[in-house]
Amino acid sequence: MIFVRENGRTIPKEDKIFGISNRAKEAIAKYGKDKVVNGTIGALMDDDGKLIVLKSVDKVFKTLTPDEYAPYAPIGGIPEFKEAIKKAAFGKYEPKGFTEVVATPGGTGGIRNTISNFSAPGDRVLVADWFWAPYRTIATEIGREIQTFKFFDEERKFNIEDFKANVLELLEAQDSLVIIINSPAHNPTGYSLSVADWRNIKAIFEKTPQNKHVALFCDVAYIDFAGDEEEYRQFLPVLDEMPENVLPVIGYSASKTFTMYGMRCGAMICIAKTPAIAVEFKSACEFSSRGSWSNCNRAPQTVIAKIFADPELKKMVDDERAEYRDMLIRRGRAFEAAAKECGLEMVPFDAGFFASMPMPNPDEVAAELEKENIFLVPLAKGIRASVASMSEENCKMVPARIKACMEKLAK
Ligand code: PLP
């Protein structure tokens, strides 16, 4: 670094995923799109590699008047959006706790505000050992670090014992703790915690020191693409029953649910035990917003408010999304079946945009696959394939190619 102070961050020359994605684009330009598999993208693409945008949502965007997009939005979000996004996040469930909403630029903003407000400089934030890399970027950017627990036990289930050990260790060392759990349809594995897993988590908190505060950030970025919307929201009542020293925060992203990735819209929603905790959440998080991105984009907030104000329109959006969600689920199932057939080990997978394969040499395997014009993302402990950005046909083909490259390199 020449002028830049690194301040505890590791700043790469190039974002790894965007780097691979650029090489995939170059290969497509050179060899044609039917000769290249781009399994790197974290957005839902059609079988021709084109970004899927919900037509019903697009239509609403086109109706916006200047008054509906040009003025600054209030820091915490426009009131109609705040009501709508609660419904989007909770579905039919009505929380018993006290909820407050703060608009954020995508789900990312909620992660940033949660870490900055519910941990102290130098603290460690607890995440699973398979995790979305920006968690670390966000944490180190504001002077925190990441600590990981083992996501899976030997039976390929949520590793509640290792989760517990890490929670106890960190609560001993710190006065407060932020935990991020990305479920359902976790990135990068596609795993979803069961309701029983959430109950086990609650049971742990019931026995931890009640004078230590825990912010439990539930990153539900993929909740509307996992399967039946209500079924995948069955864990929400467990959040409502957490002890008073645990504050559940839902990190909701409009990026995927409404195919609005570039509009940067999302929300953080607390489920607090008392009104005072909820009010404090709101004022602190709005303060952080003001001190980082100020207010959020008004246009997508207006669009979401309009969708929820019109039941017919809401149904159109839901129906359209359900079709693409089912397509995504078919791709995931096809990938799983093909992996099973060729004996490729996958990290426990349920649904969603991504699947991961554990291996000791992910960088080498990914480089080998690139020679075949298959672009996937090497992580610390394996390779991630985006089933969201591959056709069903490619989902059937890619596992055998991964397996073959692994075997070739093992020789
Ligand atoms: N959390 C996870 C695990 C993600 O993968 C993403 C997007 O890729 C997000 C949150 C939020 O993304 P955005 O800020 O684009 O809404």
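Here is a friendly exchange about a predicted model, going from its strands to its cavities, pockets and backbone geometry.

Colleague: Before we start, what pLDDT do local features need here?
Modeller: Residues are numbered from 1 along each chain as its sequence is written, and side-chain values use heavy atoms, with hydrogens and water left out. As this is a predicted model, side-chain atom pairs count only at pLDDT 80 or more, totals for chains, interfaces and linings use all residues, and local features need pLDDT of at least 70.

Colleague: Happy with that. How many residues of strand S5 are buried?
Modeller: Helices (H or I, at least four residues) and strands (E, at least two) are DSSP runs numbered from the N terminus, and S5 spans residues 176-182. Buried means under 20% relative accessible area, exposed over 50% and partly exposed in between, with a 1.4 Å probe and protein chains only. Both faces of S5 are covered, with Ser176, Val178, Ile180 and Asn182 on one side and Leu177, Ile179 and Ile181 on the other. The buried count for S5 is 7 of 7.

Colleague: Which residue in S6 is the bridge partner of Ile180?
Modeller: Two strands pair if DSSP finds at least two bridges between them, and S5 and strand S6 (residues 213-219) pair in the parallel sense over 7 bridges. Ile180 is bridged to Phe217.

Colleague: And through which helix does the chain cross from S5 to S6?
Modeller: This β-α-β crossover is right-handed, meaning that with the strands pointing away from the viewer, the path from the first strand over the helix to the second runs clockwise. The helix on the way spans residues 195-206 and is H8.

Colleague: Nice. What angle does helix H14 make with S12?
Modeller: Three strands form an open antiparallel sheet in the order S9-S12-S11, with S9 (354-358) and S11 (377-378) as the edge strands. Helix H14 (residues 362-371) packs on that sheet, touching S11 and S12, where contact means heavy atoms within 4.5 Å. Axes are lines fitted to C-alpha atoms, for helices over the stretch in contact, and angles run from 0 to 180 degrees between N-to-C directions. For H14 and S12 the angle is about 45°.

Colleague: Now for empty space. Which strand gives the largest share of the lining of the largest cavity?
Modeller: On a 1 Å grid over the protein atoms alone, a cavity is a set of points where a 1.4 Å probe fits but cannot get out, a pocket is an open set with protein on both sides within 12 Å along at least five of seven lines, and lining residues have an atom within 4 Å of a point. Grid points are joined across faces, edges and corners, and a volume is the space filled by probe spheres set on the points; the largest cavity has about 50 Å³. Its lining includes Trp130, Phe131, Ile180, Ile181 and His186. The largest share, 3 residues, comes from S5.

Colleague: What is the volume of the second largest pocket?
Modeller: This pocket is lined by 16 residues, of which Gly91, Glu229, Glu230, Lys314 and Asp318 lie nearest its centre. Helix H13 (311-342) is one of the elements supplying at least two lining residues. The volume is about 300 Å³.

Colleague: Is Tyr72 buried or exposed?
Modeller: Tyr72 lies in the loop between helix H3 (66-69) and H4, and touches Asn295 and Arg298, not counting residues up to four places away in sequence. Its C-alpha atom is 7.0 Å from that of Asn295, 223 residues apart along the chain. Because its relative accessible area is 71%, Tyr72 counts as exposed.

Colleague: Which residue does a cis peptide bond join to Ser183?
Modeller: Most residues other than glycine have a negative phi, and most peptide bonds are trans. In the loop between S5 and H8, the bond after Ser183 has an omega of about 0°. Its partner is Pro184.

Colleague: And what is the phi of Ser294?
Modeller: Ser294 sits in the loop between helix H11 (275-290) and helix H12 (298-309). At 16% relative accessibility, Ser294 counts as buried. Its phi is positive, in a residue other than glycine, near 65°.
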